[in-house]
Amino acid sequence: MEIKQISQECIDIFWTPQVKGWIQKVVEQTGGRHTLQTTYRLLKEGVMTMFLILHGKKISGVVVTQVMQYPAKKTLAFLFIGGEKIVKHLKKVENFFIEYARKKQLDTIECFGRKGWIKVLKQQKQKMKLTGYAYEIFA
């Protein structure tokens, strides 16, 4: 397994139906915060960063991140994770991004996701730090 960062200039090359499909599945669960189109635009602008997970020459997953600037710190946010065998190789993925965050001098990695990730992350010895709520005003 290998993880490759895709430069913003090469997004179009790897913006395949398969990769778009993985991202779309996650985007649909954001409550309208993101769309496939806004994600593509922000990847092209370099606001978000796309990483591909490879097994040999086969693309088996995608991770989209964004550096988040808070008043007192910067974090690396996992926005979208999709594909095949992600959970099976989660420790390798985690280690890759810990090193990536260190190189960028970020001291926290944060992720938001469905409840199913709680079980997976507990197996990885990760602790849930926050719980979020959303109120749909104009539904």
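## Strands E1 and E2

In this predicted model, strand E1 and strand E2 (residues 48-55) run antiparallel and are joined by five bridges. One of the pairings places Glu2 opposite its bridge partner Leu54 in E2.

Helix H2 (residues 17-27) packs on the sheet, where H2 touches E2, strand E3 (58-69) and strand E4 (74-83). The direction of H2 makes about 50° with that of E3.

## The E2-E3 and E3-E4 pairs

Eight bridges link E2 and E3, also in the antiparallel sense. Met50 has Val64 in E3 as its bridge partner. The hairpin of E2 and E3 has two residues between the strands, and Gly56 in this hairpin takes a positive phi near 65°.

E3 continues into a pairing with E4, antiparallel over nine bridges. Here Val64 stands opposite Phe80 in E4. Val64 is thus a point shared by two pairings, with Met50 as its bridge partner and Phe80 opposite it in E4. The hairpin formed by E3 and E4 has four residues between the strands.

## The sheet as a whole

Taken together, five strands make up an open sheet with mixed pairing, in the order E1-E2-E3-E4-E5. Strand E1 (2-6) and strand E5 (109-111) each have a single partner strand and stand at the edges, so one side of each has no neighbour in the sheet. From one strand to the next, the twist averages 30°.

## Helix H4

Which strands does helix H4 (residues 90-103) lie across? H4 lies across E1, E2, E3, E4 and E5, and runs at about 140° to E2.

Definitions and conventions:
Residues numbered from 1 in each chain as written. Predicted model: local features only at pLDDT ≥ 70, side-chain atom pairs only at ≥ 80, totals over all residues. Heavy atoms only, no water. Pairing = 2+ DSSP bridges. Axes fitted to C-alpha atoms, helices over the stretch in contact; angles between N-to-C directions. Contact = heavy atoms within 4.5 Å.
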